[in-house]
Amino acid sequence: MSVYPLTGVVRPYAWGSRTVIAALQGREVPSEGPEAELWLGGHPGDPSTVAGPDGPLSLVELIEDDPKGRLGTGVVDEFGVRLPYLMKVLAAAAPLSLQAHPDAEYARAAFQAQEADPAAPRNYTDPYHKPEMLVAVSPFEALCGFRDPAASADVLAALPVPDLAPVVTALRTGVDGLAAAVRTLLTWPAESRPALVEAAREHGPRLAADLAEHYPGDPGVLVALLLNHVRLAPGEAIWMPAGNLHAYLEGTGVEIMAASDNVLRGGLTPKRVDVDELLRVLRFEVLDDPVLPATPVGPGVVTWRVPVREFALYRVDLDGQRAPVTVPGGGPRIVLGVRGDVFVGEGHGTPVEVGAGNAAFVPADAGPITVAGVGEVFVATVPVD
C-alpha cells in the first residue's frame, strides 16, 4: 500500500464547536461535547492512525518501521525520525487564549533547562519551535500581531480608568513602549481587574465587550486591544512566526505548524499563565499587514509562502472537468478533504478516496501524487529535497 487512509484525533477543548467537525465528517450533529481541533500527524500527544494490512497502526509506528522510505532521506537527516509538521482542522466557537511560541533556539535551551530542574515551571512540552499558519475555510476572526501603538493608545485613553494613564503614556512612545504596556496590563492588581475589564466592556470597542463576556476580569481583554483584529475570507491566511502574540476568535480553518505543543499564554484562558516567560519570547514590533494572500502555482492549485523548513501547504480545487492534478512537492504528505470526494493516487497503486473531513498519508517513497474527482483538498508536505 503506497497511500494510506489516515484517521485523525479530535481534541475536545471547551472553546470548540459542537457542529463544525462533526458536520465536516458527516457525523451526527451536534456532537455530545465541544470538538475544537482535528489533529492529523505524528505528534506524540495524539498521533493519527493509518489503515494497515493487520488493522489500525499509529502513524508514528508506520514511520519508525521505515523512516527514510516514509519521510525521505532529506527529512530524516534534518529533523530526525519524526514528521516535522502537524496539520489541524480548527473549529473555534469561542475565543482562544492570547498566546505566543518561542523560536527554535530558545525552545531548545528552555526545554533543556526545565528538564534539568524538577522545580522549574513546566512551560515547555518539547524542545521545538512552533511557527504556524492558518487558512480560513469559513469566515474567520483572529487577533494577530501588534498594531500601531498610537491607535491602541487612543482606544485606552477613551476608557474612564485614570489608572491606565501609564499604559497610554508608554504606548504614545511607540514600539519602545509596547513591552511596558503589555507587562502593566497583564500584571494588573487582581483586586481591581474586574473594574478594569468592566470599563472596557462598557466603554470600549465591541471586541472588548465580546471578550469580556467570555473572560470577565481577565486583563487579556485590554491586551487584545493592542493587536490587529483580522477578518479572513475563505482562502486567506495568517502567519504566526515565533514571538507573534495572537488569539483565534471564531471560525473554521486549516492550520499547519511545526510539530510542537509549546504554548505560552498571557490571558483569555483558565489555563496556566506565565507573564514573565511570555514577555521573554514576545516580539514587540508592529505587524502592518497580518493577512497572507494565496499564490497560484498551477491550475486549481495555490499555496501560501512562509519562511520555514518544516512544512508547506497547498490547496487543490477540483471542478470535476479537469484532468487529474499533480500535486507539487514530495516528501511525507497528508491530504485532507474539505469538500466533495477526491481520489489520491501515486500512479501505480489503487487510489484512496478522501471525502470531506477524511485524510490520507502519502509517504515519500510513493513519489509524485495526483488528485482527481470533484471537491477540494489541502495537502501538507515538507519542502526538503
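## A first crossing: H6 and H7

Helices H6 and H7 cross in a left-handed manner. This is a predicted model, and our tour of it starts with this pair. H6 covers residues 149-157 and H7 covers residues 165-172; their axes come within 8 Å and cross at roughly 160°. Since angles over 145 degrees count as roughly antiparallel, H6 and H7 are therefore roughly antiparallel to each other.

Which residues of H6 and H7 make the contact? On the H6 side they are Pro149, Ala150, Ser152, Ala153, Asp154, Leu156 and Ala157, and on the H7 side they are Val167, Val168, Leu171 and Arg172. Sorted by class, the residues of this contact of H6 with H7 comprise eight nonpolar, one polar and two charged.

## On to H8

H7 also meets helix H8, which spans residues 178-186. The axes of H7 and H8 come within 8 Å, with a crossing of roughly 160°, so these two helices are roughly antiparallel to each other. The crossing of H7 and H8 is left-handed.

From H7, the contact takes in Val167, Ala170 and Leu171; from H8, it takes in Leu178, Ala180, Ala181, Thr184 and Leu185. The residues in this contact of H7 with H8 are seven nonpolar and one polar, with no charged residue. If you are tracing the chain, Val167 and Leu171 are worth finding: they appear in the contact of H7 with H6 and again in the contact of H7 with H8.

## H9 and H10 at an oblique angle

Two packed helices are described by the angle between their axes and the distance between the axes. For H9 and H10, the angle is about 135° and the axes are 7 Å apart. H9 and H10 are therefore oblique to each other. Their crossing is left-handed. Val197, Ala200 and Arg201 of H9 make the contact with Ala208, Ala209, Ala212 and Glu213 of H10. By class, this contact of H9 with H10 has five nonpolar and two charged residues, and no polar ones.

Which residues of H10 are buried? In this helix, residues 206-214, they are Leu207, Ala208, Ala209, Leu211 and Ala212. Their cover includes helix H9 (193-203) and helix H11 (220-224), along with strands E9 (140-146), E10 (227-232) and E12 (246-258).

## Glu37, a buried residue in a strand

Now look at strand E3, residues 37-41, where Glu37 is found. Is Glu37 buried or exposed? Its relative accessibility is 5%, so Glu37 counts as buried. The side chain of Glu37 makes a polar contact with the side chain of Lys88, at 3.3 Å.

Setting aside neighbours within four places in sequence, Glu37 is in contact with Val9, Val10, Arg11, Tyr13, Trp15, Ile21, Lys88, Val89 and Leu90. Lys88 is thus on this list as well as being the partner in the polar contact.

## Two backbone details

Most residues other than glycine have a negative phi, and most peptide bonds are trans. Two places in this model depart from those habits. A cis peptide bond, with omega about -5°, joins Val29 and Pro30. Pro30 sits in the loop between helix H1 (20-24) and E3.

The other place is Leu268, whose phi is near 55°, a positive value in a residue other than glycine. Leu268 lies in the loop between strand E13 (264-267) and H12. With 1% relative accessibility, Leu268 counts as buried.

## Two more loop residues

Pro131 belongs to the loop between helix H5 (104-116) and strand E8 (132-136). Its relative accessible area is 5%, so Pro131 is buried. Beyond its neighbours within four places in sequence, Pro131 is in contact with Trp239, Met240, Ile256, Met257, Ala258, Val308 and Phe311. Pro131 and Glu236 are 105 residues apart in sequence, and their C-alpha atoms are 17 Å apart in space.

Asp288 is in the loop between helix H12 (275-281) and strand E14 (291-292). Because its relative accessibility is 71%, Asp288 counts as exposed. How many residues separate Asp288 and Arg147 in sequence? They are 141 residues apart in sequence and 6.7 Å apart in space, C-alpha to C-alpha.

Note on methods
Residues are numbered from 1 along each chain as its sequence is written. This is a predicted model: local features need pLDDT of at least 70, side-chain atom pairs count only at pLDDT 80 or more; totals for chains, interfaces and linings use all residues. Side-chain values use heavy atoms; hydrogens and water are left out. Axes are lines fitted to C-alpha atoms, for helices over the stretch in contact, and angles run from 0 to 180 degrees between N-to-C directions. Helices (H or I, at least four residues) and strands (E, at least two) are DSSP runs, numbered from the N terminus. Angles under 35 degrees count as roughly parallel, over 145 as roughly antiparallel, 65 to 115 as roughly perpendicular and the rest as oblique. A crossing is left-handed if the near helix is turned anticlockwise from the far one by less than a right angle, and right-handed if clockwise. Contact means heavy atoms within 4.5 Å. Ala, Val, Leu, Ile, Met, Phe, Trp, Tyr, Cys and Pro count as nonpolar, Asp, Glu, Lys and Arg as charged, and the others, Gly among them, as polar. Buried means under 20% relative accessible area, exposed over 50%, partly exposed in between (1.4 Å probe, protein chains only). A polar contact is a pair of N or O atoms within 3.5 Å; within protein, one must be able to donate a hydrogen and the other to accept it, and residues adjacent in sequence count only if both atoms are side-chain atoms.
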